[in-house]
Amino acid sequence: MKNTALTKIHESLGAKMVPFAGYNMPVSYEGVNIEHETVRKGVGVFDVSHMGEFLIEGPNALALIQKVSSNDASKLEIGKAQYSCMPNETGGIVDDLIIYKIKEDQYLLVVNASNIDKDWAHISKYNATINATMKNISEGYSLLAIQGPKAIEAMQSLTDVDLAKIKFYTFEVAPFAGVEHVIISATGYTGSGGFEIYCKNEDAEQVWNRVFEAGEAFGIKPIGLAARDTLRLEMGYCLYGNDINDTTSPLEAGLGWITKFTKDFVNSEALAKQKEEGVTRKLIAFELNERGIPRHDYDIVDENGTKIGIVTSGTMSPSMGKGIGLGYVPTELSKIGSTIHIQIRKNNVPATVVKLPFYKV
């Protein structure tokens, strides 16, 4: 089991620690509902240092990224980030990721912790003929997600950069919390605004401590992975391994907006054909019409109890006080306003297909 540079701090704060993607990670401190509300209304900090980081450099860097990713990275400018996915050769998704353009011919790819080795092997396979320079820097870097509507105000004293001017999916490389060359990125997985801070492991403790000193007056709290999951689900953000995986196509998952057929990428021909013909199933969002909590892998059934799909993510929404979830159903049953049923124990609980996000900020 690997530790992050901040594991001892989490343990000293009384965090409940669990194994996650090979790391010893804090799942909660005070409880998921309290932590969720802290991020929605104030400011909270996640240690997400288990995420993977790859540097892709050199004159062939863009060619490699364009080949393995579905979005059009040629549109990126220095200081901008882009959400994308890596299609596999059989119609599914290797991983979803964020691509940062650091300099001309230098990009940072941030990938899911559980997929680091798989992603590296996949990209390396295509790099054999493209010859970009690849560096896996995952083990050397820490990542803090400082999230919530008070994040800008709480963190402004730690940097000379005007945080309010860092727009969504842009970033600055600047001094932060007394550390040089920190990536301050207006990205996150909560839908409540804030920043993701990339720094070297040896600086992580200093950054953490300074962040909590600066945020004290704003009620800042450490937040675990359980609240990260409820926050992202309220926004309808896909979680790799649940809502997307090696067998789900980007088009089925509602990720057509990051699938650009203006370039050639892995399996683009087959996906273009799928777009033309239409998908047979779709990832939908639903809200329960009665009490109950939908969970991952629960069956989705029709009014007769016949299985029509499966729940990929589900929870009791802390912000809304109702059961919400995502799942795949046949395309003809995916229309907004349609009624489906979720099999919870022996009950078929009615639910309505809704438009995302569940939670309107």
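Student: What makes the contact between D243 and R232 a salt bridge?

Tutor: A salt bridge is a side-chain nitrogen of Lys or Arg within 4 Å of a carboxyl oxygen of Asp or Glu, and the closest N and O atoms of D243 and R232 are 2.9 Å apart, so the pair qualifies. The pair links distant parts of the chain, eleven residues apart, with D243 in the loop between α7 (225-235) and α8 (268-277) and R232 in helix α7; helices (H or I, at least four residues) and strands (E, at least two) are DSSP runs, numbered from the N terminus. Salt bridges that share partners also join D229, R232 and D243 into one network. This is a predicted model, in which local features need pLDDT of at least 70 and side-chain atom pairs count only at pLDDT 80 or more, while totals for chains, interfaces and linings use all residues. Residues are numbered from 1 along each chain as its sequence is written, and side-chain values use heavy atoms, with hydrogens and water left out.

Student: Why is E57 called buried, and what is K135 called?

Tutor: Buried means under 20% relative accessible area, exposed over 50%, and partly exposed in between (1.4 Å probe, protein chains only). E57 has 15% relative accessibility and therefore counts as buried, whereas K135, with a relative accessible area of 40%, is partly exposed.

Student: How do you know that E57 and K135 form a salt bridge, and what does the pair tie together?

Tutor: Their side chains meet at 3.0 Å, N to O, which is within the 4 Å of the definition. E57 lies in strand β4 (residues 52-57) and K135 in strand β8 (residues 133-136), so the pair ties together parts that are 78 residues apart in sequence.

Student: Which of E104 and K101 is buried, and which is exposed?

Tutor: The side chains of E104 and K101 meet in a salt bridge at 3.4 Å, N to O; E104, at 55% relative accessibility, counts as exposed, while K101, at 8%, counts as buried.

Student: What makes β14 and β19 a pair of strands?

Tutor: Two strands pair if DSSP finds at least two bridges between them, and four bridges join strand β14 (residues 281-288) to strand β19 (residues 347-354), so the condition is met. These two strands run antiparallel, and F286 stands opposite V353 in β19.

Student: How many bridges hold for β18 and β19, and what do these strands form?

Tutor: Strand β18 (residues 339-344) and β19 pair in the antiparallel sense over six bridges, with I342 opposite V349 in β19. β18 and β19 form a hairpin with two residues between them, and R345 in the turn has a positive phi of about 55°.
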